[in-house]
Amino acid sequence: MDIKIDPIKCIACCACELACGYHWDDAMSPITSSIIVYRTREKKNYFGLMLKTEENLVLARPEGIEIQRIGEVQEGVEADPSAKPIMLRDACDMCDGVDGPLCVRFCPTGALYL
Amino acid sequence: MGNLTNETILIVDLASGETYKEDIDEEFYESHIGGVRINLALFEKYQEEDPIILGTGLLTGTLVPGSALGIVTAKSPQTGKVCHAPICIYGGMELKYAGFDFVVIKGISPNPVYLWLHDEVADINDAVDLMGKDSWATTDELRKSLGEDIIQVLNIGPAGERQSDLAQIILNYWATGDRWGFGKLLGQKNVKAIALRGMGIFDLEDEEGFVDACADLFKAFKDEPSLSGKKGIIDIAAAMGEDITDWLSPIIHRHSADYNCPYPINTFVKYNEDPTILKETDVAETGFYLTDIYGLLEFKKMGLSAEDSCRMLEACAREGINAVAAADLLRKTGKTALNDLKQAVSGLTGPIESPEDSVFSPWSPKQPLFVDFGLPDDGSRNSEWWVRRQAVAYLFGIHPIFILMAPMLTEEKLINAVNLGTGLNITADTVDEAIKKVCG
């Protein structure tokens, strides 16, 4: 089972980042999150989500989903709005041992679902 | 870092160009809780040096829904009273993650400067090259020079530089809830901008207990039938009795949220390209992000189209002025053509009607939104209820509009979240005392 993304439902609240960060760090911080709200195009209101899984980097843009295989991620892909690039972070483990992925649990709009 | 806090106050002495930090101990949090109460205590401590205080709540930037709020406290040039303005979107959160729970900005800089607060480091940098730039250009320039596009930039436009009473602190490109003329104060201090970015991490006393409490609050919000399907500024206006659906809908692009707010309070409109386009285009400036419901409604009242109203809000934000006051003054000029109105923005002066007698910004609608909160239908208790809800929001770090639609965020639940997260023993009596002090 994978986390699915409906990017149009995303409201860029970043709850998923914080919930995922808690899973990795047992603290409040988005810095190690396996999911990132891509929000570097503020004046254009262009935002979406990036999710690193064991095999793929999922780029959920408003116009659609693109999946790039880990190891084949395009050079210079706009995946690094953070001081800690997503490719250096742990892959999503579906919150192993927890009652459902926390990002799905905290997503208020259903943009993330199973 | 401590539980839900950096335990740090930053003091910025503009006159000497020095910065230093002070620790906050547990007892101070237990007696003052945080947010607006500590802002006020810091203002009183440094009041001889005419300070501007930036602050956050213990819940700012956490998983508690609505945790977006940062607070600016200063003596308003408009009212002469100590007042508080909200900083939302990602601004409040970024202040805390930059490593500073509170910032005291005191004195006057001899030269134009901007503050760069990042990863527990505070720099006072030369801002000569930024002077004269509007808020959009200022934000673009700082993000470019500092190297990251999600740096949050509190800034003043030309209005703040010339110390206009209308001057508003802008967040990045967008209007804030500063109805108090705090932009003028930054101009007087020769501070063009405050740039924020950080990688903070905040420990929790009871990790599972805190996160479960947050999840329960999220679930309660999602399950609230009165909120089902509601989003953006149109539905907030409707709750206020203003039907702007047909007027605004043709230019709406998307709705989006402030940090960790389950309701998308803000609405982006596009008028420089087709608003239905989802793919990124080469158009650099596509429209405007509506963060000020009253500002929008004021321009609508002038008889402007939705597009022209939003273009006027953009003009106000670029100039760095309070759109509500601007609309009031522009109405008196008798001008109606968009270009005439836009040209008038930069030279706008005149007496401003002071906001009502509250220390909290009237940017938040003065009523419950979508849910009645058990208040009488005649609105007779709305004012008293609103002040208490705002005080709670500003105390804990909750978005002051979101709290008007979130009955699940009871004072008891917020106290419980703070205590679970911090290990403190905050009580309802402490909250009452803090609110009494803040509200006078």
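A salt bridge here is a side-chain nitrogen of Lys or Arg within 4 Å of a carboxyl oxygen of Asp or Glu. By that rule, seven of them cross the interface of chain B and chain A. The model is predicted, so local features need pLDDT of at least 70 and side-chain atom pairs count only at pLDDT 80 or more, while totals for chains, interfaces and linings use all residues. Residues are numbered from 1 along each chain as its sequence is written, chains are lettered from A, and side-chain values use heavy atoms, without hydrogens and water.

Start by selecting A:Arg41 and B:Glu280: their side chains form a salt bridge, 2.6 Å from N to O.

Next, show both sides of the contact (heavy atoms within 4.5 Å). You should get 57 residues from chain B and 37 residues from chain A. Now color chain B by the area lost to chain A: B:Leu63, B:Arg254 and B:Glu280 lose the most, together 18% of what that side buries. The buried area (accessible area, 1.4 Å probe, that two parts lose on being put together, summed over both) is about 3900 Å², with 57% from carbon and sulfur atoms.

Finally, leave the salt bridges and select helix H2 of chain B, residues 35-45. Helices are DSSP runs of H or I, at least four residues, numbered from the N terminus. Is H2(B) mostly covered or mostly uncovered? Mostly covered: nine of its 11 residues are buried, meaning under 20% relative accessible area (1.4 Å probe, protein chains only). Among them are B:Val36, B:Arg37, B:Leu40 and B:Phe43.

How values were computed. Buried < 20%, exposed > 50% of the residue type's maximum accessible area, 1.4 Å probe, protein only. Helix = DSSP H or I, 4+ residues; strand = E, 2+ residues; numbered from the N terminus.
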